[in-house]
Amino acid sequence: MSARRRQGTLRRALGLTSARIALAIILLIVVLAIFGGVLAPQNPLTQNTNAVLQGPSGAHWLGTDYLGRDVLSRLMAGTGRSVVGALEAVGIGLLLGVLPGLASLWLGRTYEWISLRIVDAFMTLPYVVFAVAVTGFFGNSLTAAMTAVGVLIAPLYFRITRAAALGLTRTQYVEAAELFGSSRLRVLRTHLWSKILPTLAVTTAQALAAALLIVSSLAFLGLGVEPPLPTWGELLSSDLDYLAQQPWAPLFPGLLIMLVAGALNAFADAIRDTGAAQDVDAEIADAEAAPESDEPSSVGGIAPVAEPVLRVEGLRVTVNRGRTEAVHGVSFEVGRGEIVGLVGESGSGKTLTCRAVTGLLAPGCERSSGTVELLGEDETASVDLATLDRAGWNKIRGQRIGIVFQDPASYLNPSIQVGKQAVEAIRVHSALSRSAAKRRAIELFASVGLREPETVYRQYPHELSGGMAQRVLIAIAISGDPDLLIADEATSALDVLVQAEVLDLLRGLVRDRGLALLLVTHDLAVVAELCDRVLVCDRGRIVEQGPATSVVTAPTQPQTRRLLDAARVWQPGFDDVETELVGADS
Amino acid sequence: MSLLEISDLTVGYGDRHTPPVLDGVALDVQPGEILGVIGETGSGKTTLARTIVGLVPARSGRIEFNGVELSALRGRALRAFRQRGELQFVFQDPLRALDPDLTATESVTEPLDAAGTGDRTERAERVAKALEAVGLDQATLGDRVPGRLSGGQRQRVLLARALVTEPRLLICDEPVSALDAANRNHVLRLLLNLRDAQGIAALVISHDLHSLAGVADRVAVLNEGRVVEQGPVRQILNSPADPYTQRLLAAAPRLHAATITTQTTASTKEPVSS
């Protein structure tokens, strides 16, 4: 499975032009490393004292050196030794770094303490000085120099491997494996290896580039040089001695070293970027997993709203890079001082709709047609949200639209006091001074019902309960005095007592500030408690809408009934509810 | 004899001077019974579940499963016990509890691989049976990684992984709180079916009394690390004795205001009829 995933990453990475060019250069270097000596137009060791330090010519494309040897041939023939040197260093680094890093999984605290001290000590050593010392001790050979470099690369690998391995052992799937009685080795093979490997691959590409530079630098200093066999670095240094006669001579080996190091780094970047982007968005998976319905689009008309703040018309959203349509023409309005609930099961398209409205669609998702308008008091204040670019969105989000998400903790930076984060948000869209913004933040904290707002101001996210964190986010969301507040499953992760308090808070905000509130939720009970109007979403369409009380008590659509049944069956005293509903109808 | 018997369990993080998270908890689960444990964040309910399966060490007290004292198991004996798979843990969030790189089939096979159960064919058969039991179509979904499954499907993979070892007791930590109503009911019904058809007992932890109402035979209410009230589910829902339980019941959002009455019903029938 890991191979499959990585293949995918590689293929996606190669979709990037930069990665393709980088790979082409790397392949060229590999070919040169293996066949350079054979392919070289002339013998790189043949001296010709009649043609020393010549410029480029038909016979010598890159000219000749101080002994009259062909520079192009020497560069080609030297590739092998340079690459082998770099590979040696990285290989030794991998061996000495990854194995002890993985050993952290088995060995205890004493090992950890000792290994980290050793690593710290090695990390303080400068590469070149250490290599000089080692070659001084073991003799001036390329292998000795590269072993020295490898030993110094090892701590990098050790830290990466150890951090990744220990981090992964704290994941729940590794905990689960432990509960099945899996051995550590099995855990490593099944779960850890496939996650660590991409990181190691990226590190290795970068380390190779670094090693190549180090090989060259050392050769430049005369370390690891075994004349007359050339390496790139040695070419560079010998050229330098004749800089006065041949000012352009170091250019070719220098360019080559730069080119290869650049290609390796570009390739590493491409792998890392595409690897990170491929984690499939859960909502998209839900939309894909939901069965596609064959019904024609049955969009309900827009219910007229007294003072609309948000108007969505014929919104269509495609996922999976345009291959699947998941929202099929949704229209609705939200008015000032109104609470509208957008309900539906997972995969119904409610979250995609909400993300399209807030301009936060995940990569691969796109609004394919329809308009999303934020309406102001006059024509000029109205904005077509669909046309906004990033800068435009930054003006709208936080200032005219406030957004609150399900999992408050993941929207707060764990290492910054929450008050400071609120101040940052306030200062983005106001000209307040730092101290004024701080006063405003504390005011806002108090207004969302945080007791002791000054204390909360100085706290870090982990010191807050889920309910408090959600209040902080609500405070940040309303800091720009928005017209519209969008709450995406904002209370779903909270306990019932806390949920009740947060719902109360939202109700109060709408009443006191005349906000329009769009509440996206799967919980009809929350809708029944809070909303004025309900939109029922199913398979990318709004199948029913109306006042919350009538939708909940007398649904007309089978999908709504299904949602209701689902919410109801497990209610205690279900029979009583049913009786009362019938009573309310008659 | 109780299937699971917890007595005087005290658990705490940090040293002995920090106040315990669980303080003298006593609970039992009978064979074929579903016990609901309800509490809010910070009540210690997740710690309880993790302590039972051995992910968190206990400060004192006993946890006996089927006559074996779990808290005394160490090293090889503990691993051998776990490999038998009689006690299984169902995590709250399938997206975190499933390896994102493993397909549904691979994940469900994992416990069998770890224990070295049977040969390849036998394992495949048991995996197919477990996936079928939770209503997942192996032909279409078996090769999908979690990222390509819906939330409800992922939760079912998690359950299938627990069921594949034919456990006698499931410890479920908030098994449905991440699910929408339809999927929640599917999973809860599944737990009921497993109890009725195979006699699989469960300890189901939740912060939501309503999702427990339909499945639990008995409910224990946990507040600040202590069991404040326990009894048959009807009794707790209809006439909660503890003020905390009363508050918890009153705070739950309802489809229709003021419908949940505290009147006692003569009927002992479960509110699940479908």
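Here is a short set of questions and answers about this predicted model.

Me: Before we start, how is this model numbered, and what pLDDT do local features need?
Reply: Residues are numbered from 1 along each chain as its sequence is written, while chains are lettered from A and ligands numbered from 1 in the order in which they are written. The model is predicted, with totals for chains, interfaces and linings using all residues, side-chain atom pairs counting only at pLDDT 80 or more, and local features needing pLDDT of at least 70.

Me: Happy to dive in! How many helices and strands are there in chain A?
Reply: Helices (H or I, at least four residues) and strands (E, at least two) are DSSP runs, numbered from the N terminus. On that basis, chain A has 22 helices and 10 strands.

Me: What percentage of the residues of chain A count as buried?
Reply: A residue is buried if 20 or more other C-beta atoms lie within 10 Å of its own, exposed if 12 or fewer, and partly exposed in between, with C-beta atoms placed from the backbone. Among the 586 residues of chain A, the buried share is 46%.

Me: Which word describes how α2(A) lies to α3(A)?
Reply: Two packed helices are described by the angle between their axes and the distance between the axes. Axes here are lines fitted to C-alpha atoms, for helices over the stretch in contact, and angles run from 0 to 180 degrees between N-to-C directions. The axes of α2 (residues 17-39) and α3 (residues 71-103) of chain A come within 6 Å and cross at roughly 130°. Angles under 35 degrees count as roughly parallel, over 145 as roughly antiparallel, 65 to 115 as roughly perpendicular and the rest as oblique, so α2(A) is to α3(A) oblique.

Me: And how many charged residues has the contact of α2(A) with α3(A)?
Reply: Contact means that C-beta atoms, placed from the backbone, lie within 7 Å. Residues of α2(A) including A:Ile29, A:Leu32 and A:Gly36 meet residues of α3(A), among them A:Met76, A:Thr79 and A:Val83. Ala, Val, Leu, Ile, Met, Phe, Trp, Tyr, Cys and Pro count as nonpolar, Asp, Glu, Lys and Arg as charged, and the others, Gly among them, as polar. By class, the contact has seven nonpolar residues, four polar and, as for charged ones, no residues.

Me: In which hand does α5(A) pass α6(A)?
Reply: Helices α5 (residues 127-138) and α6 (residues 142-169) of chain A pack at about 135°, with their axes 8 Å apart, and are therefore oblique to each other. A crossing is left-handed if the near helix is turned anticlockwise from the far one by less than a right angle, and right-handed if clockwise. For α5(A) passing α6(A), the crossing is right-handed.

Me: Which strands are at the edges of the open sheet in chain B?
Reply: Strands pair if DSSP finds at least two bridges between them. Four strands of chain B form this sheet with antiparallel pairing, in the order β2-β1-β4-β5. Pairing on one side only, the edge strands are β2 (22-29) and β5 (68-69) of chain B.

Me: Is B:Gln230 buried or exposed?
Reply: B:Gln230 lies in strand β10 (residues 226-232) of chain B. Its C-alpha is 4.1 Å from that of B:Ala220, 10 residues away in sequence. Because B:Gln230 has 21 C-beta neighbours inside 10 Å, it counts as buried.

Definitions and conventions: Two residues are in contact if their C-beta atoms, placed from the backbone, lie within 7 Å.
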